[in-house]
Protein chains: 2
Amino acid sequence: MRKDKVSEAVIRRLPKYYRYLMELERIGVERISSQELSKKMGIKATQIRQDLNCFGGFGQQGYGYQVKMLKKEIKDIIGLNREYRVILVGAGNIGQALANYIGFEKEGFNIVGIFDVNPKLIGNTIRSKTIMDIDTLHTFAKQNRIDLCIITTPKENAQQIADMVIGVGIKSIWNFAPVDVEARKGVFVENVHLNDSLYTLVYRINEQEGMKKRECLPAKGGE
Amino acid sequence: MRKDKVSEAVIRRLPKYYRYLMELERIGVERISSQELSKKMGIKATQIRQDLNCFGGFGQQGYGYQVKMLKKEIKDIIGLNREYRVILVGAGNIGQALANYIGFEKEGFNIVGIFDVNPKLIGNTIRSKTIMDIDTLHTFAKQNRIDLCIITTPKENAQQIADMVIGVGIKSIWNFAPVDVEARKGVFVENVHLNDSLYTLVYRINEQEGMKKRECLPAKGGE
DNA sequence: TAGATTGTTAATCGATTAACAATC
DNA sequence: TAGATTGTTAATCGATTAACAATC
């Protein structure tokens, strides 16, 4: 049965389920129990069942889950059963990489406009899409239905771009600039923060080394 | 006082603190209270104090925190007070974007080797670093001290590359391939999963729309 | 039917938040 | 000193996990 509110933690796990189910389907697995899936994914079976039951009872007692069906369900739940019209603002390193990445297109994300300020980039094409002058963004966004805006500008411009595209009615922003883009209620922002990701990794490296040197653990019994 | 174990949640917030403190220092703010910082960051003041006290008492009662000092402390805690020698495997779209991004270099991450299988890429240079044949990776990694390996290969090769670099003693992996790279204890892996990030964003878009259509909320009192 | 495995309730665990004494 | 704000303990909240009845 459906839960009244799906927690952030569950939402974050949905794409992971999708990923594993895609792979299982690809290698021809027909059914899987929460137990088996648990072992593969490294999370508890009971959590899997709990998570899935936020959206419906997709399994069958004594049998498990049909991989194909469950994958399809999760695909629908995430919203990958439709197409998305995407614009990308900032055609630098990361912008170009994302525009070139065909994985997104395969899942229904179509880049319909690429924008930049740099005159050297304007007019160039990425996968047959012309990079347009950022001054034309406002008009373009008004004239075309756009579902999602990717921001890959320097951090100084990110919020300004966000405000502008929100102003013309765009409801979701995938931000790669290293600032937290803010938006009014009803607009969805996902801040990626690659730096942060790297730093947590680096923290762990040093945490271990630090243990020895710093002796920061209050001795808690023997060991 | 230092906590015996710093939770994952706290670790994930450290780079965010660092980011905000960098900005505060840049714009010339000398001191800040947990209350003010709370407002800026959108997290509770009490959580900030709780978090910081995992590592030490950096504040002063009745005054707050010295921005410069606290930034320095967090920088040290994360481990950004030293240099890292990095190799990058997979010089495709994302690999090139990361190799070109100077932000990492500024924080002490030096790319000392770039590798690919593609003969068309091998020999090319990215920021004056030559792309080398992946067959030379094993020898290279043995002969050079390397702190971190960035994997930007297709998903099919990611685990294999990981196993190899772990085999020659590399202790941390920043993986961009859309699979969960596994590693033995003592090796740190950060799986980035850009797709997952996009999908959670997309989920939110549809969640809202879904509300109306599906009527999945059990009516809980009025409204 | 017997065996397996789900869906779901209840218990546990951990993280966030409130409250306040300590102290600058 | 009085006011401000930390550091820290205790309370709350939410997420994970265990347990088991339901059922295929």
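**Salt bridges and the surface near DNA strand C**

Asp76(B) and Lys72(B) sit 4 residues apart in helix α4 (residues 67–78) of chain B, so about one helical turn separates them. In this predicted model, their side chains meet in a salt bridge, with an N to O distance of 2.8 Å. Asp76(B) is partly exposed, its relative accessible area being 23%. Lys72(B) also counts as partly exposed, at 45% relative accessibility.

This pair belongs to a wider set, for the structure holds 30 salt bridges over all chains. Arg19(B) offers a good place to continue. The side chain of Arg19(B) meets that of Asp196(A) in a salt bridge of 2.7 Å, N to O. Since Arg19(B) lies in helix α1 of chain B and Asp196(A) in helix α9 (residues 194–214) of chain A, the pair joins two chains. Arg19(B) counts as buried because its relative accessibility is 14%, under the 20% limit. The value for Asp196(A) is 11%, so this residue counts as buried too.

A salt bridge also forms between the side chains of Arg19(B) and Asp180(A), at 3.2 Å from N to O. Here again the pair crosses between chains, running from helix α1 of chain B to the loop between β8 (172–175) and β9 (188–191) of chain A, where Asp180(A) is found. Both partners, Arg19(B) and Asp180(A), are buried. Elsewhere, a network of salt bridges links Glu8(A), Arg12(A) and Glu190(A) with Arg204(B).

Attention now turns to the nucleic acid. Around DNA strand C there are 27 residues, of which Ser34(A), Arg49(A), Asn53(A), Gln50(B) and Gln60(B) come nearest. By class, this surface comprises 18 polar, 5 nonpolar and 4 charged residues. On the DNA side, sugar or phosphate accounts for 59% of the strand C atoms within 4 Å of the protein, and bases supply the rest.

Individual contacts from chain B reach both parts of the strand. A polar side-chain atom of Gln50(B) is placed 2.6 Å from a base oxygen of DNA strand C, and a backbone N or O atom of Gln61(B) lies 3.3 Å from a base oxygen. Gln47(B), by contrast, has a polar side-chain atom 3.0 Å from a sugar or linking oxygen of the strand. The elements that give two or more residues to the surface near DNA strand C are α1 (8–26) and α3 (45–52) of chain B, together with α3 (45–52) of chain A. Of these, α3(B) gives the most, with 4 residues.

Definitions and conventions:
Residues numbered from 1 in each chain as written. Chains lettered and ligands numbered in written order. Predicted model: local features only at pLDDT ≥ 70, side-chain atom pairs only at ≥ 80, totals over all residues. Heavy atoms only, no water. Near = heavy atom within 4 Å. Polar contact = N/O pair within 3.5 Å; in protein donor to acceptor, adjacent residues only side chain to side chain. Nonpolar A, V, L, I, M, F, W, Y, C, P; charged D, E, K, R; others polar. Salt bridge = Lys/Arg side-chain N within 4 Å of Asp/Glu carboxyl O. Buried < 20%, exposed > 50% of the residue type's maximum accessible area, 1.4 Å probe, protein only.
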